Amino acid sequence: MKEYGVETVLGKNNFIGSFGRTTPEAYMGDKSDIMIRLEFEKPPLWDFFIRSSTIVHSQPVF
């Protein structure tokens, strides 16, 4: 997350996390099995795409 140069405050604030399986026709579905989304009080939220046990792509979403 640091590589994007976007300020994301981590700490005691509440956040929402979700995860699900990706499908081949979805974004990054051909390269990942699972998507994890972390949503904080202030944008951006973060998407992580995982294949097996490796993060293959991550991105901030505004």
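The following exchange examines how the features of this predicted model are classified.

Reader: What makes up the secondary structure of the protein?

Author: The protein has 4 strands and 0 helices. Along the sequence the pattern is β-β-β-β.

Reader: How do you know that β1 and β2 pair, and in which sense?

Author: Pairing requires at least two bridges. Strand β1 (residues 16-21) and strand β2 (residues 34-39) have 6 bridges between them, in the antiparallel sense. One of the partnerships sets Ile16 against Glu39 in β2.

Reader: What joins β2 to β3, and how many bridges are there?

Author: There are 5 bridges between β2 and β3, and the strands run antiparallel. With a threshold of at least two bridges, the two strands therefore count as paired. Ile34 has Ile50 in β3 as its bridge partner. The connection is a hairpin through 5 residues.

Reader: How many bridges join β3 to β4?

Author: Strand β4 (residues 54-61) is joined to β3 by 7 bridges, again with the strands antiparallel. Phe48 stands opposite Ser58 in β4. The hairpin of β3 and β4 has 2 residues between the strands, and Ser52 takes a positive phi near 60° there.

Reader: Why is β3 called largely enclosed?

Author: A residue is buried when its relative accessible area is under 20%. In β3, 6 of the 7 residues are buried, so the rest of the structure largely encloses this strand. Two residues illustrate the point: Phe49 has 3% relative accessibility and counts as buried, and Asp47 is likewise buried at 3%.

Reader: What makes β1 hardly covered?

Author: The count of buried residues among the 6 residues of β1 is 0. For the protein as a whole, buried residues make up 24% of the 62 residues.

Reader: Why is the pair of Phe15 and Phe40 called tilted?

Author: The search of the whole structure finds 2 aromatic pairs. For Phe15 and Phe40, the ring centres are 5.6 Å apart and the planes stand at 40°. The centres must lie within 6.5 Å for a pair, and an angle that is neither under 30 degrees nor over 60 is classed as tilted. Both conditions are met, so the pair is tilted.

Reader: What parts of the chain does the pair of Phe15 and Phe40 tie together?

Author: Phe15 belongs to the segment before β1, and Phe40 to the loop between β2 and β3 (45-51), so the pair ties together parts that are 25 residues apart in sequence. Phe15 counts as partly exposed, with 47% relative accessibility, whereas Phe40 counts as buried at 16%.

Reader: Why is the pair of Tyr27 and Phe49 called edge-to-face?

Author: The ring centres of Tyr27 and Phe49 are 5.6 Å apart and the planes are at 75°. Since planes over 60 degrees apart count as edge-to-face, the pair falls in that class. Tyr27 lies in the loop between β1 and β2 and Phe49 in strand β3, so parts 22 residues apart in sequence are tied together.

Reader: How do you know that Arg37 and Asp47 form a salt bridge?

Author: The cut-off is a side-chain nitrogen of Lys or Arg within 4 Å of a carboxyl oxygen of Asp or Glu. In this pair the closest N and O atoms are 2.6 Å apart. The pair links distant parts of the chain, with Arg37 in strand β2 and Asp47 in strand β3, 10 residues apart. Arg37 counts as partly exposed at 27% relative accessibility.

Reader: Which residues does Asp33 meet in a salt bridge, and what does the pair tie together?

Author: Asp33 meets Arg51, at 2.9 Å from N to O. Asp33 lies in the loop between β1 and β2 and Arg51 in strand β3, so the pair ties together parts that are 18 residues apart in sequence. A search of the whole structure finds 3 salt bridges, including one between Asp30 and Lys31 at 3.4 Å.

Reader: Why is Thr22 called buried, and what does Thr22 touch?

Author: The relative accessibility of Thr22 is 16%, and the limit for buried is under 20%, so Thr22 counts as buried. Thr22 lies in the loop between β1 and β2. Beyond four places in sequence, Thr22 touches residues including Gly29, Met35 and Phe49. A polar atom of the Thr22 side chain lies 2.7 Å from the backbone oxygen of Ser32.

How values were computed:
Residues are numbered from 1 along each chain as its sequence is written. This is a predicted model: local features need pLDDT of at least 70, side-chain atom pairs count only at pLDDT 80 or more; totals for chains, interfaces and linings use all residues. Side-chain values use heavy atoms; hydrogens and water are left out. Buried means under 20% relative accessible area, exposed over 50%, partly exposed in between (1.4 Å probe, protein chains only). Rings of Phe, Tyr and Trp (its six-membered ring) pair if their centres lie within 6.5 Å; planes under 30 degrees apart count as stacked, over 60 as edge-to-face and the rest as tilted. A polar contact is a pair of N or O atoms within 3.5 Å; within protein, one must be able to donate a hydrogen and the other to accept it, and residues adjacent in sequence count only if both atoms are side-chain atoms. Contact means heavy atoms within 4.5 Å.
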